[in-house]
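Here is a short set of exercises with worked solutions, meant to be done with the model open beside you. Try each task before you read on.

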Amino acid sequence: MIVADRGFVLAQAKINLCLHVGAKRSDGYHDLESLVAFTAFADGVGLADDDVLSLTVIGPRSADLPVSENNLVLRAARLLAEERGVKAGARMTLHKHIPVASGMGGGSADAAAALRGLARLWNLDLYGQDLQEIAVKLGADVPVCVESSPAWMEGRGERITRLPPLPQFWLLLVNPRIPVSTAEVFAKLEARRGLRLACPLAPFDDVRSLVYFLQSTTNDLEAPARSLAPVIGDVLSELSRLPGALLTRMSGSGATCFALFDSERELRPAEAMLAERRSDWWIAGTPVPEHPTGTPVFVQ
Ligand code: C5P
């Protein structure tokens, strides 16, 4: 029997355009400041009614993610059902495209998409704040992924300020196919910029003004990630040599790095050039849409 999905939710990849790290706190986490954007490049979560909870993973990166009880999508579903006393189940299908453990928040985006979608499938009266409170129990990056729109992230990740739309730009995402553990990168952290940035509440006029702001920032996790995976240095140097690249940086705890472009016209030739030089790396060019696209889509 073929049972079609009733709903589908995009789980957009999260990119930390900058990431400053403060002191280690008594709970073992570090305080952060980060400007976060979401790309059109995404995983997806399909949802259908069922009596029990189940998850199937399909798609180009499904082999990297064996389904276990620890899968963040299943944990998110169980937690939401528990907190809201939901007796129904759901048949969930995760379409996996985002490389695993790559600094693009794939697992967090999947969990956040499952929360948004299941809230709708189960007809739960949940507001942004309710979902955020559940999300933070699943991981530091899950609350911002629930928003899935440009945001300023503080605290261990749970304090989110939604920002006005960013001017549309393009990212060339490159991963050297080396998974990096976030916990290990934080453990290696020595120098850090500390928390002094002002949240950019006023809209950026254009891509140049966004880049100008980002040039005064860094990713503090770049140095410790490079010490664990020196190939990240090669990725950054290849990206910075591409014509049209306005800014080159690592996202999250790595190993994915990005180059920022003004337009698709400039991005595509650079993407082709790099793909030819480094066929062993995972490479994807994607827009960062001006408006969020992570709203669940359901058939009635
Ligand atoms: O919460 P999440 O599972 O994404 O974090 C993985 C690990 O990264 C944490 O256990 C912690 O060691 C480190 N981390 C941190 N400070 C943060 C976020 C993560 O030290 N704000």
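**Exercise 1. Classify Thr161 as buried, partly exposed or exposed, and place Thr161 in the fold.**

*Solution.* Keep in mind that this is a predicted model.

Step 1: Find the element. Thr161 belongs to strand S6, which covers residues 159-162.

Step 2: Take the relative accessible area of Thr161, which is 27%.

Step 3: Apply the cut-offs. Buried means under 20% and exposed means over 50%, with partly exposed in between. Thr161 is therefore partly exposed, given its value of 27%.

Step 4: Add a distance. Thr161 and Ala11 are 150 residues apart along the chain, and their C-alpha atoms are separated by 19 Å.

**Exercise 2. Find which residues surround the ligand, and sort this shell by class and by element.**

*Solution.* Step 1: List the shell. Gly28, Tyr29, His30, Leu32, Gly139, Ala140, Arg156, Thr182, Ala183 and Phe186 are the residues around the ligand.

Step 2: Sort by class. The shell comprises 5 nonpolar, 4 polar and 1 charged residues.

Step 3: Sort by element. At least two shell residues come from each of strand S2 (30-50) and helix H5 (182-187). The biggest share is that of H5, with 3 residues.

Step 4: Look at the site as a whole. The ligand takes up the space of the largest pocket.

**Exercise 3. Work out which polar atoms of the protein lie by the ligand's oxygen and nitrogen atoms, and how much of the ligand is buried.**

*Solution.* Step 1: Begin with the side chain. An N or O atom in the side chain of His30 is 2.7 Å from an oxygen atom of the ligand.

Step 2: Go on to the backbone. A polar backbone atom of Ala140 is 2.9 Å from an oxygen atom of the ligand. For Arg156, a polar backbone atom is 3.1 Å from a nitrogen atom of the ligand.

Step 3: Turn to area. The ligand taken alone exposes 450 Å², of which the protein buries 73%.

**Exercise 4. Follow Gly28 from the ligand shell to its place in the chain, and decide whether Gly28 is buried, partly exposed or exposed.**

*Solution.* Step 1: Gly28 is one of the residues around the ligand.

Step 2: In the chain, Gly28 sits in the loop between strand S1 (7-24) and S2.

Step 3: The relative accessible area of Gly28 is 36%, so Gly28 counts as partly exposed. This value refers to the protein chains only.

Step 4: Compare sequence and space. Gly28 and Leu80 are 52 residues apart in sequence, with 25 Å from C-alpha to C-alpha.

**Exercise 5. Decide whether Thr217 and Leu221 are buried or exposed, and relate each to a residue of the ligand shell.**

*Solution.* Step 1: Locate them. Thr217 is in the loop between helix H6 (207-214) and helix H7 (222-228). Leu221 is also in the loop between H6 and H7.

Step 2: Read the accessibilities. Thr217 is buried, because its relative accessible area is 3%. Leu221 is buried too, because its relative accessibility is 1%.

Step 3: Link to the shell, which includes Gly139 and Thr182. The C-alpha atoms of Thr217 and Gly139 are separated by 24 Å, at 78 residues apart along the chain. Leu221 and Thr182 are 9.3 Å apart, C-alpha to C-alpha, and 39 residues apart in sequence.

**Exercise 6. Check the backbone angles of Asn123, Arg177 and the peptide bond from Gly254 to Ala255.**

*Solution.* Step 1: Asn123 has a phi near 55°, which is a positive value in a residue other than glycine. Asn123 lies in the loop between helix H2 (106-121) and helix H3 (128-135), and is exposed at 68% relative accessible area.

Step 2: Arg177 has a phi near 65°, again positive in a residue other than glycine. Arg177 lies in the loop between strand S7 (169-175) and H5, and is partly exposed at 44% relative accessibility.

Step 3: The peptide bond from Gly254 to Ala255 is cis, with omega near 5°. Ala255 is in the loop between strand S8 (247-250) and strand S9 (257-261).

Conventions. Residues numbered from 1 in each chain as written. Predicted model: local features only at pLDDT ≥ 70, side-chain atom pairs only at ≥ 80, totals over all residues. Heavy atoms only, no water. Near = heavy atom within 4 Å. Polar contact = N/O pair within 3.5 Å; in protein donor to acceptor, adjacent residues only side chain to side chain. Areas by Shrake-Rupley, 256 points an atom, 1.4 Å probe, with all protein chains shown as cover. 1 Å grid on protein atoms, 1.4 Å probe; cavity = no way out; pocket = protein on both sides within 12 Å on 5 of 7 lines; lining within 4 Å. Sits in = over half its atoms within 2 Å of the grid points. Helix = DSSP H or I, 4+ residues; strand = E, 2+ residues; numbered from the N terminus. Nonpolar A, V, L, I, M, F, W, Y, C, P; charged D, E, K, R; others polar. Buried < 20%, exposed > 50% of the residue type's maximum accessible area, 1.4 Å probe, protein only.
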